[in-house]
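Reader: I would love a close look at one part of this model, the aromatic rings and what surrounds them. Could you then carry on to the other elements in one connected account?

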Amino acid sequence: MMSPAFELHRTPLGRLALSVGGECFDGVVPVRSFPMTAPNAGLSLVDGEGKERLWIEHLDQLPAAARQLIDEELRHREFSPHIRQIKSVSTFTTPSTWEVDTDRGATLLVLKGEEDIRRMPGSGLLITDGQGLQFIIPDTTRLDRRSKRLLERFL
């Protein structure tokens with residue numbers, strides 16, 4: 001099903017605005033339905049009160065300008081670094097401090113318990129640290145040998 005005709009633009013204050021069905025909504029926010037498993041499918045534009053104003057079946061169906069605005073907005077809202085390497089762990093029991101390299105740089109994360117490591121479709125993992133920040137390992141098979149060995153102790 002195609003989305004109704006709409007227009008997205010930035011206001012002078014930099015907020016995302018949506019025009020659809022003769023109405024304009026200032027300060028809309030894109031919200032993914034399945035951010036980890038299907039990031040490009042099922043996105044809702046909601047207003048400041050949380051009411052859905054437009055449903056987008058798939059981001060690839062959007063015109064380039066609208067897609068760019070939504071991608072920019074999502075980059076500002078979503079922060080889930082991808083772990084590229086596990087350099088060290090403080091202990092193989094929890095809580096444990098991990099030194100990791102991510103696509104956003106090197107950092108330390110604290111794993112409170114093994115239950116904070118969740119499997120994603122395929123061979124991906126979602127790791128939630130002690131502060132609630134979510135780290136992603138998109139494909140464990142692509143990790144280096146040392147990282148795999150360290151990770152196996154927690155799985």
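Author: Happily; I will begin with the rings, move to the sheet beside them, and then turn to the second sheet and a helix.

This is a predicted model, in which local features need pLDDT of at least 70, side-chain atom pairs count only at pLDDT 80 or more, and totals for chains, interfaces and linings use all residues. Residues are numbered from 1 along each chain as its sequence is written, and side-chain values use heavy atoms, with hydrogens and water left out.

A search of the whole structure finds two aromatic pairs; rings of Phe, Tyr and Trp (its six-membered ring) pair if their centres lie within 6.5 Å, and planes under 30 degrees apart count as stacked, over 60 as edge-to-face and the rest as tilted. In one of them, Phe-92 and Phe-154 have ring centres 6.1 Å apart and planes at 45°, so this pair is tilted. Phe-92 sits in the loop between strand 7 and strand 8, while Phe-154 belongs to the segment after helix 2, so the pair ties together parts that are 62 residues apart in sequence. Helices (H or I, at least four residues) and strands (E, at least two) are DSSP runs, numbered from the N terminus.

How accessible are these two rings' residues? Phe-92 is partly exposed, at a relative accessible area of 34%, and Phe-154 is buried, at 4%. Buried means under 20% relative accessible area, exposed over 50%, and partly exposed in between, with a 1.4 Å probe and protein chains only. Trp-98 and Phe-154 also make a tilted aromatic pair, with 5.0 Å from centre to centre and 50° between the planes. Since Trp-98 lies in strand 8 and Phe-154 in the segment after helix 2, this pair ties together parts that are 56 residues apart in sequence. Trp-98 is buried, with a relative accessible area of 0%. Ring pairs thus link Phe-92, Trp-98 and Phe-154 into a cluster.

Now for the sheet that holds strand 8. Its three strands form an open sheet in the order 7-8-9, with antiparallel pairing; two strands pair if DSSP finds at least two bridges between them. Strand 7 (83-89) and strand 9 (105-111) are the edge strands, each pairing on one side only. From one strand to the next, the twist averages 30°. Strand 7 and strand 8 (residues 96-102) run antiparallel and are joined by five bridges, with Ile-86 opposite Val-100 in strand 8. Helix 2 (residues 145-152) packs on this sheet, touching strand 7 and strand 8, and its direction makes about 65° with that of strand 7. Contact means heavy atoms within 4.5 Å. Axes are lines fitted to C-alpha atoms, for helices over the stretch in contact, and angles run from 0 to 180 degrees between N-to-C directions.

Next comes the second sheet. Three strands form an open sheet in the order 10-11-12, again with antiparallel pairing. Strand 10 (117-119) and strand 12 (134-137) stand at the edges with a single partner strand each, so one side of each is left without a neighbour in the sheet. Three bridges join strand 10 to strand 11 (residues 125-128), and Arg-118 has Leu-126 as its bridge partner in strand 11. These two strands form a hairpin with five residues between them, and Gly-122 in the turn has a positive phi of about 75°. Strand 11 and strand 12 pair over four bridges, including the one between Ile-127 and Phe-135. Their hairpin has five residues between the strands, and Gly-132 there takes a positive phi near 90°. In a regular strand the side chains alternate between the two faces of the sheet. In strand 11, Leu-125 and Ile-127 point one way, Leu-126 and Thr-128 the other way, and all are buried.

Finally, which residues of helix 1 are buried? They are Ala-66, Arg-67, Leu-69, Ile-70, Glu-73 and Leu-74. Seen down the axis of helix 1, these buried residues fall within an arc of 165°, so they line one face; the arc is that of the directions from the helix axis to the C-beta atoms. The face turned away from the buried side of helix 1 carries the exposed residues Ala-64, Ala-65, Arg-75 and His-76. Among the elements covering the buried residues of helix 1 are strand 1 (6-10), strand 5 (41-46) and strand 6 (52-58).
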